[in-house]
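Trainee: I would like a close look at one part of this model, taken strand by strand. Please start with one sheet and its surroundings, then work outwards to the rest.

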Amino acid sequence: MDKDFEKLRKLLVNKEIEQLDNIILRVQKIENHHKKDILIEHLSTLITEILSKNIKNNPQQIYSIVHPFVIKGLKEELTNSSNSEISKVLAPLISSSMKEQVHEQKDSIVDALYPIMGNMISKYVTNAFKEMMVDVNHKLQDTLSSQTIKRKIKSKIYNISEAELILKESNIAKVKSIFLIHKESGMLILDIHRDNNEIDEPEMVASMLSAIKSFINDWISNHDKMSEVSEIEYGNSSIIIESAGSSYLAVVMDGKIDFKMQEQISLTLTKIVLNHSAQIANYDGDPDTIEKEKIISILSTLFITKDKDIPTDNKFPILSTIILLFFLLTPILWNGYSYYQEYLIEKKESSILSIIKKDKIKIYDFKIKTLKNTTYIDGMVLTKFDKNRLYKILSNVDVVTNISYVDYSPINKYIQLQLNKILLDFNSKYSSNIEYNISGDNDIYIKGAIINSVAKDKLTQYISKIFKDYNINFDINILPKLKERIYFDISSSEIKEKYNKLLDNISRLSNIHNSYNIKITGYTDILGSSIFNTNLSSKRANTVKDALIKRGINKNSIIITNLATPPKDISDVSKERELSRCVGFNWEMKSSE
Amino acid sequence: MSKKQKKVILIGNFSVGKTSLIRRFVENSFSDEYISTIGMKISKKEIKINDEILLLLIWDIEGAVDKVKRVNKTYMRGANGVIIVADIFSSDIKDDIISHLDDFYSVNKDNIPAIIALNKIDKNRDFTINIEDILSNYPMILDKFYTSAKDSLNVEEMFKLLSKEMLK
């Protein structure tokens, strides 16, 4: 029975049993070796296969398993450290994709940002207005100060509303702080502040300012070599930067800076540089090496001078008002006088402005100011001609004019183009050689020689008309007619002695009008063969040429030609044979190389 | 403001740990992040050297991410001292140090003292490198320090040595 069963078993599952035994043997073998790493190695290839198969066949399931871990990991990474690896990896990606989006979908970005930006701007503007209103109210409350009375009078006379004048006053520049900074290192040399309101960490401010300044200058210098940062604005304040020598001044100001103030800052720094340049240049952070008190006394003038213009916070209590009323006459007179002075100044300045305006001279960087009864104007015009014109029209006005002009001006270029064109046409039409020269910006020189006076008149009239605003100097000579000829004996090319004088004269004229060539033409009478006559006329022309060269004429200034015929003006060629055997002279324009 | 000021420059490649060294040394930074547009930040620190109070203005100049990007050398001008920071894990550590030294001395006088900081020593305490050839070629280098901002190793010492030299 057992045997039969065994037989049956072998028949049915023998192959499977063998396989199973084999597997058991292999597993035992592995277990016996106690080598886990071998097991892991065997299994790991399987796991990879299983995973990749599953990812391919059932991605959704894999995603749902992995998803929570990824999110958790990201969260931890981002919250635990501000400088995580993930941020480092993502940051450049985000910024470049933002750039791309801003570039491609500008409008939708603007739409998204508008509510936030709009709010920020309106908040800022509201605050600025609030501050201004406080200032204006302050001034209105201060109803009985001399400043107010002056303002009221000014308002009536100029027909400008009082509010406008107050607004103007609120905007007067006021120096808040001054920093003197070593240019190269950015170290603070010293700082002073209005009403001793010292700021925290002035050394840091100086260093930061220097860094920003050198960054901007470095950037600008790659683009525009002439420029340097001179002002940094923020809100209603600005930092004016004035550099000289080894230091620079940074002046923190409230309100709009004017020309007067700018000039004062520049003068102040000049004064410091003149007196203390050596100490400043060698400054290495040691305050004892600097004459601090002396420099501060120079710098303090920037506070004082400007204070004169700034209405002080005088509030007049009742008692003061009574005292003021008591002495009312004095301030009124004083105000009247100062108003009158201001009126005179403004009248004078506006008359100067109208004179300049009438003459339509464009002045760049124009500034006008009156100090101690003297009016100064500064600025720059394009040409020397404009400058002279300006000085001329202002010659009867009591004004100190300090106008410079730009060396290169487009006007000058324009004139050159015009003259080039005109003279090119003219010279080719009249075979002349007229040249021009521009000296300075308003002197034009037209020079050369021309065949006849009709052409000369035409040219001078035309140029004078076109360039009527310029100083034109004509130096045009009419070329003398070369009528005389040298006559020869029959078949001869020998020059007779009596023609020496003529040759001398021609040589002299050629030297004077050296922009022209002398053209020598040889002729013959009608007798003889044409070959003989061609040779003869050539010989005659060449002999004359040699004679002229001997007299000092450059051979390049002589052109020779010859005909085997008499000159064209011989009316009867058969009778006037003596007059036919000759050489004639003409002027010819030199060809421009 | 009657104390002496000195300008100290820290230069080194991108992410060698300049900012961490300064953060360890200074309690007062102007801004902890680089002003990214202009590539630098300034910190200050008052230290006492031989009964004298010295104000150090420390200019931390952002290292170039790649060698093509130019570091603004004008920031280095007028410095009283310089610390060249190098990462001990950098492959071209010596070349890096030399190129920064050359950058610095191209805009400053030859006698300005310098210090080499070999940073991140906490990550490999056994690390040593022989840079005697650099030290002998640049006599203004006071010393080299193995530093760690994390463990506060040699940071204070390094700034103190430089400060003493700058006051001489």
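Mentor: The part to start with is an open sheet of three strands in chain A, in the order S6-S7-S8, and its pairing is mixed. Strand S6 (364-371) and strand S8 (399-405) of chain A are the edge strands; each has a single partner strand, so one side of each has no neighbour in the sheet. From one strand to the next the twist averages 10 degrees. This is a predicted model, and what follows should be read in that light.

Within this sheet, strand S7 (residues 374-381) of chain A and S8(A) run parallel and are joined by seven bridges. To find the register on the structure, take Tyr376(A): its bridge partner in S8(A) is Val400(A). Helix H14 (residues 384-393) of chain A packs on the sheet and touches S7 and S8 of chain A. The direction of helix H14 of chain A makes about 170 degrees with that of S8(A).

Chain A also has an open sheet of five strands, in the order S2-S1-S5-S4-S3, and here the pairing is antiparallel. Its edges are strand S2 (188-193) and strand S3 (231-234) of chain A, each of which pairs on one side only. Neighbouring strands of this five-stranded sheet are turned against each other by 15 degrees on average, with direction ignored. Strand S1 (residues 174-182) of chain A runs antiparallel to strand S5 (residues 247-254) of chain A, and eight bridges join the two. One pair to look for is His182(A) with its bridge partner Ser247(A) in S5(A).

Two helices belong with this sheet. Helix H9 (residues 259-281) of chain A packs on the sheet, where it touches S1, S2, strand S4 (237-244) and S5 of chain A. The direction of H9 of chain A makes about 45 degrees with that of S4(A). Helix H10 (residues 292-299) of chain A lies across S1 and S2 of chain A and runs at about 45 degrees to S2(A).

These helices also meet each other. The axes of H9(A) and H10(A) come within 9 Å and cross at roughly 160 degrees, which makes H9(A) roughly antiparallel to H10(A). Their crossing is right-handed. On the H9(A) side the contact has Thr268(A), Lys271(A), Ile272(A) and His276(A), and on the H10(A) side Ile295(A), Ile298(A) and Leu299(A). By class, the residues of this contact between H9(A) and H10(A) are four nonpolar, two polar and one charged.

Next comes the contact between the chains. Chain B and chain A give 20 residues each to it. On the side of chain B that touches chain A, strand S1 (4-12), strand S3 (40-49) and strand S4 (52-61) of chain B are the elements that give two or more residues. S1(B) has the largest share of that side, with four residues. The side of chain B that touches chain A is made up of nine nonpolar, six polar and five charged residues.

Finally, the confidence. The pLDDT of chain A averages 79, and 80% of its residues score at least 70. Within chain A, confidence is highest in strand S12 (residues 486-487), at 94, and lowest in helix H5 (residues 106-141), at a mean of 63. Over residues 306-315 of chain A the pLDDT is below 50, and this stretch has 13 contacts in the model beyond near neighbours in sequence.

Definitions and conventions. Residues are numbered from 1 along each chain as its sequence is written. Chains are lettered from A and ligands numbered from 1 in the order in which they are written. This is a predicted model: local features need pLDDT of at least 70, side-chain atom pairs count only at pLDDT 80 or more; totals for chains, interfaces and linings use all residues. pLDDT is the predictor's confidence in each residue, from 0 to 100. Two residues are in contact if their C-beta atoms, placed from the backbone, lie within 7 Å. Two strands pair if DSSP finds at least two bridges between them. Axes are lines fitted to C-alpha atoms, for helices over the stretch in contact, and angles run from 0 to 180 degrees between N-to-C directions. Ala, Val, Leu, Ile, Met, Phe, Trp, Tyr, Cys and Pro count as nonpolar, Asp, Glu, Lys and Arg as charged, and the others, Gly among them, as polar. Angles under 35 degrees count as roughly parallel, over 145 as roughly antiparallel, 65 to 115 as roughly perpendicular and the rest as oblique. A crossing is left-handed if the near helix is turned anticlockwise from the far one by less than a right angle, and right-handed if clockwise.
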